[in-house]
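Please open the model in a viewer and keep the sequence panel beside it. The tour below proceeds by selection, with a short account of what is found at each stop.

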Amino acid sequence: MFCHLRPMRRLCLGKIFPYWFLCSRALSGAEAVNALRPFYFAVHPDFFGQHPREREVNENSLKRLSAYLENLQKPGSKSLKPTQLMFYVRETDQNSSEGQEHFTTSGFRAVKFTLHTRDLLSTVLYILNSCSLSVEHIQSSNTNVHSQPLKKAQRMSDRPIKWDKSYYSFTGFKDPDEDLEQVWRMETTLTSWLDNNGKSAVKKLKNSLPLRKELSRLKDELSHQLELSDIRWQRSWGIAHRCSQLHSLGRLAQQNLETLKNAKGCTIIFTDRSGMSAVGHVMLGTMDVHHHWTKLFERLPSYFDLQRRLMLLEDQISYLLGGIQVVYIEELQPVLTLEEYYSLLDVFYNRLSKSRIPFHPRSLRGLQMILNSDRYAPSLHELGHFNIPTLCDLANLQWFILTKAQQARENMKRKEELKVMEHELMQASTKKFSLEKFYKEPSVSSMQMVDCCQRLLEQSLPYLQGMHLCVSHFYSVMQDGDLAFLGIGRVEKPLNNTEICIPF
């Protein structure tokens, strides 16, 4: 579930920290990074390996935060545009005797806030406070800050006082609600953002066209030479980076063509580590040298044997569970190697075969399930598949599946309808705006994409002609000219409007 911070509950730094505290000493860039260490520890994508959607949201938000902090340190940066950010924050124990934070069993929570600050110190404090993280380490590094006022400030209620308008008229103080309304008016909308960034995107796209053609040529040549099913990338690397990776693979093919032909019929994915994925794709770690790639291609026949055993294991689990199909959904599950996924299936199968849960043969045909290791109770996903933990209580599993079977079938039917609708709306959007390419990030669901396309089609956006448009979690002009579009809320209304309840 997402946390939605209502405007009335947004905190004003002036109410939490005295003015003399905020202005006591300016932070340098290095000090700001050090002060934000508890925050980075709580949101770093590496800690969300089992949650790909949340990991991607944090990755994107950290990029935008980094750009904001960088711009804040540039001369003449007093009027930065408000930046809306969302993070999944790990629940941590900050009271350790060793002074270290530890990941608790409570998981994580979603936090959403808008940065509209003018210096590094107030930005750091606002971020830490928004995420309910301690600021005591900042106190220790700032000798002008007295300990007692800070501790009192931390114990203050997070519920701001609501004064009558006459109070501000009489005292001359600024009304924080008026400041908030001004921030809303300055918030980005798609039209205003295109006005400011359209020319930059066109220029970058034009400059990238020769490299895009080179990338397409290299991909076609290698796919044909090695008889591959496809070549893909797990991350959003730039075109130049992708070309470099294909050149490396091409050089290796010249040296060891017969070895690389072991991948015939496979899909090659450039990613963070080498191996074979749970679905049988050949993963080439971009940090590995050719020697590691060569060893991987040499081991492919043994991987194919393990893949056959894995498929047999899936069939055996399916038989014991009334014909329900065991699937692996790349977009929704953590990236696992073939060995890791086989081990997960093997543990579940051994427990299942010993318990002998009585399911009527083929009674659950047409339904799907995925196995995971980070849950302790089964659940039904909105897309219709069951999330079943390997270590769940098998005595309750039968009852859960049988009682949710009909709902699962309805969800799966709805999923197929949404896929058809999504495809049609994407085609209609591509045609209406004359887009060269229209796509989405993997973590954007079909339901979210349908809603986004329906709202887009209501607009008149001539700026998009010939562009590459990606529905994402944020606004950005990518290095090769692709437009990343925040596909949430009303297209023309401020993005922090209270109507917006479903950030991607």
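## Charges over rings

Begin by selecting R90 and F41: the charged end of R90 sits over the ring of F41, 4.5 Å from the ring centre. Bear in mind throughout that this is a predicted model. A second arrangement of this kind is found on selecting K437 and Y439, where K437 lies over the face of Y439 at 4.6 Å from the ring centre.

## Aromatic pairs

Next, display the aromatic side chains; the structure holds eight aromatic pairs. Select Y328 and Y341. Their ring centres are 5.1 Å apart and their planes meet at 65°, and because an angle over 60 degrees counts as edge-to-face, this pair is placed in that class. The pair links distant parts of the chain, 13 residues apart: Y328 belongs to the loop between β7 (325-326) and α15 (338-355), while Y341 belongs to helix α15. Are these two tyrosines buried or exposed? Y328 has a relative accessible area of 14% and is buried; Y341, at 0% relative accessibility, is buried as well.

Move on to F386 and F400, an edge-to-face pair with 6.1 Å from centre to centre and 75° between the planes. F386 lies in strand β10 (residues 386-389) and F400 in helix α16 (residues 394-432), so the contact ties together parts 14 residues apart in sequence. Colouring by accessibility shows F386 as buried at 0%, and F400 as buried with a relative accessible area of 17%.

Then select F39, Y40, F87, F113 and Y126 together, which ring pairs link into a cluster.

## An exposed position in α16

Return to helix α16 and pick A395, which is placed in that helix. With a relative accessibility of 62%, A395 counts as exposed. Add I357 to the selection: the C-alpha atoms of A395 and I357 are 7.6 Å apart in space, although 38 residues separate the two in sequence.

## The four-stranded sheet

Switch to a cartoon view and select β3, β4, β5 and β6. In what order do the four strands lie in the open sheet? The order is β3-β4-β6-β5, with mixed pairing. β3 (230-233) and β5 (275-276) stand at the edges with a single partner strand each, so one side of each has no neighbour in the sheet. Strand β4 (residues 267-271) and strand β6 (residues 282-285) run parallel and are joined by four bridges. To find the register, select I268, which stands opposite V282 in β6.

## Helix α14

Now select residues 290-320, which make up helix α14. At 1.5 Å a residue, its 31 residues should span 45 Å, and the end C-alpha atoms are 43 Å apart, which agrees. Where does α14 kink? A kink of about 50° lies at L300, shortly before the proline P301. After the helix comes G322, with a positive phi near 70°.

## Helix α17

For the last stop, select residues 446-456, helix α17, which is mostly covered, with eight of its 11 residues buried. The buried residues are S446, Q448, M449, V450, C452, C453, R455 and L456. In reading such a pattern, it is useful to recall that an α-helix has 3.6 residues a turn, so residues three or four places apart point the same way.

Notes:
Residues are numbered from 1 along each chain as its sequence is written. This is a predicted model: local features need pLDDT of at least 70, side-chain atom pairs count only at pLDDT 80 or more; totals for chains, interfaces and linings use all residues. Side-chain values use heavy atoms; hydrogens and water are left out. Rings of Phe, Tyr and Trp (its six-membered ring) pair if their centres lie within 6.5 Å; planes under 30 degrees apart count as stacked, over 60 as edge-to-face and the rest as tilted. Helices (H or I, at least four residues) and strands (E, at least two) are DSSP runs, numbered from the N terminus. Buried means under 20% relative accessible area, exposed over 50%, partly exposed in between (1.4 Å probe, protein chains only). A charge sits over a ring if NZ of Lys or CZ of Arg is within 6 Å of the ring centre and within 35 degrees of the ring normal. Two strands pair if DSSP finds at least two bridges between them. The expected span of a helix is 1.5 Å times one less than its number of residues. The bend at a residue is the angle between axes fitted to the seven residues ending there and the seven starting there.
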